[in-house]
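Me: I am new to this structure. Please take a close look at its salt bridges, and set them against the rest of the protein.

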Amino acid sequence: MIWNYLKDKKKDSDILEEPEAALSEEELGDSEEAAEEEQKKGGWFRRLRLGSKKQDEASEDDVEDSEVRTEVDVEDVADAQSPEAEPAGESSEEAAPEEALPEEEVLEETAPAGERDSDGLQEKRSWFQRLKSGLSKTRKGFVGQLDQLISGREIDDELIEEVEMLLITADFGVETTETILEEAKKATKGKRGEKSGEAFREAIKEAIRNRLLGQEEAQPPLDLTRGAPHVILVVGVNGVGKTTTIGKLAAQFKSEKRKVMMAAGDTFRAAAVDQLKVWGERAGATVVAQGEGSDSASVIFDAHASAKAKGMDILLADTAGRLHTQNNLMQELQKVRRVLGRQDEEAPHDVWLVLDATTGQNAISQVERFHEIIGLSGLIMTKLDGTAKGGVVVGIRERFQLPIRYLGVGEGMDDLKPFDADEFVDALFD
């Protein structure tokens, strides 16, 4: 009977309740037929429990499989990391991951634009291309805005005023901006029409070129044969890249078949001596150093004596970074000059100030102070690739009449080159 069937099931499930009224004979017959049919199929409750049980067993199998796979993966990783592991034949080669790219190719893809390691790991590019890449921020910031200002416009007072503000914000300086605009206005006098703005752009470009070329021609060329050795004292504030610049200069001079020695005169910064030694190894130059905290003038004095005895052509002397506002530290540079003068009255033959182009107009006060204390013979502009205000090069050159000896546009050994006015202007505008 169906009632007995349901009653037995109630004992197992405790979910069924006794019906309120007995079933009619017709309903009972129909129910018995349905029950018999369900029993033939296994019963809905039995199938439900059986399905649930199978699902639980499947889940347990999945967990066991997952644990087995995890153990296998761990063993595989351990085998791959083991230095004793060897290829297992053709089947292992088929399952192996793709072969890694050679080191050179990886470096070429990941190295920043405009930078190339001296070992030739990156594709070689001409200096002009690297300079152009290094000046890209200034070109986009200054020249790009200049092109937007003059596009389709006629020369008038409003345009000139807007260009004036643009030159000043690009760190050309007020005085340099005035001379550039005066020359550009004279060159475009009488020109009118929509295309006159483009003529004004070209006039500005040539005015900047003339500022740099005129001073370049007025300065004597670099002569590195005035001493035996020729002593170059490299100075600057903290963080401008003096030690790195000295290493690059050593590489340049070595490529010119000169005998180069470097003096580790920055005895205050813990890593400075080690850093210079690394650059010395890369450039193939001798490094003279003493312990940390040694007297800088003493180190440079000993290096000069050694360079003289060994017949070196050039001595590059590093110095500790110092703020130009700290008088006591600035006075130490005068001490270095006096000590060198005991062995050679003309030494140092050159004093080069390293300037970080990203400091903008602050570089002007640095030039003023260092020039006043020790007397500068040249400037080195670094980190031009990191600023949109490369106009500071023109402003400083115009104001102090000091030659810019080198430009730096990257971290690579060859990313420091002698300054060339024509290349600089063409890379900036074209």
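Reply: What follows starts with the whole protein, turns to the salt bridges, and ends with two other parts.

This is a predicted model: local features need pLDDT of at least 70, side-chain atom pairs count only at pLDDT 80 or more, and totals for chains, interfaces and linings use all residues. Numbering starts from 1 along each chain as its sequence is written, and side-chain values rest on heavy atoms, without hydrogens or water.

First, the whole. The protein has 17 helices and 8 strands. Both are DSSP runs, numbered from the N terminus: helices are H or I with at least four residues, strands are E with at least two. Of the 430 residues, 41% count as buried. Buried means under 20% relative accessible area, exposed means over 50%, and partly exposed lies in between (1.4 Å probe, protein chains only). A contact has heavy atoms within 4.5 Å. Among contacts with a separation of 6 or more, 74% come from residues 24 or more positions apart.

Now the salt bridges. Each one is a side-chain nitrogen of Lys or Arg within 4 Å of a carboxyl oxygen of Asp or Glu. By this rule there are 16.

Take Arg209. Its side chain meets that of Asp422 in a salt bridge, at 2.8 Å from N to O. Arg209 sits in helix α10 (residues 196-218) and Asp422 in helix α17 (residues 421-429), so the pair ties together parts 213 residues apart in sequence. Arg209 also pairs with Asp426, the closest N and O atoms being 2.9 Å apart. Asp426 is in helix α17 and Arg209 in helix α10, so this bridge joins parts 217 residues apart in sequence. Through shared partners, Glu206, Arg209, Asp422 and Asp426 form one network.

How covered are these residues? Arg209 is buried, at 10% relative accessibility. Asp422 is partly exposed, at 34%. Asp426 is partly exposed too, at 23%.

Another bridge is Asp415 to Arg130, whose closest N and O atoms are 2.9 Å apart. This pair also links distant parts of the chain: Asp415 is in the loop between β7 (404-408) and β8 (416-418), Arg130 is in helix α6 (residues 127-134), and 285 residues separate them. Asp415 is buried, with a relative accessible area of 0%. Arg130 is buried as well, at 3%.

Next, a covered helix. In α16 (residues 392-400), 8 of the 9 residues are buried. Among them are Val392, Ile396 and Phe400, along with the charged residues Arg397 and Glu398. Just after α16, Gln401 takes a positive phi of about 55°.

Last, the surface. Asp156, Asp157, Glu158 and Glu161 gather there in a patch of negative charge. Patch members have over 30% relative accessible area and no salt bridge; like charges are joined within 9 Å, and nonpolar side chains (Val, Leu, Ile, Met, Phe, Trp, Tyr) within 5 Å. Glu161 belongs to helix α8 (residues 157-169). Glu161 is exposed, at 53% relative accessibility.

Terms used. Areas by Shrake-Rupley, 256 points an atom, 1.4 Å probe, with all protein chains shown as cover. Lys, Arg positive; Asp, Glu negative; His and termini not counted. Charge placed at Lys NZ, Arg CZ, Asp CG, Glu CD.
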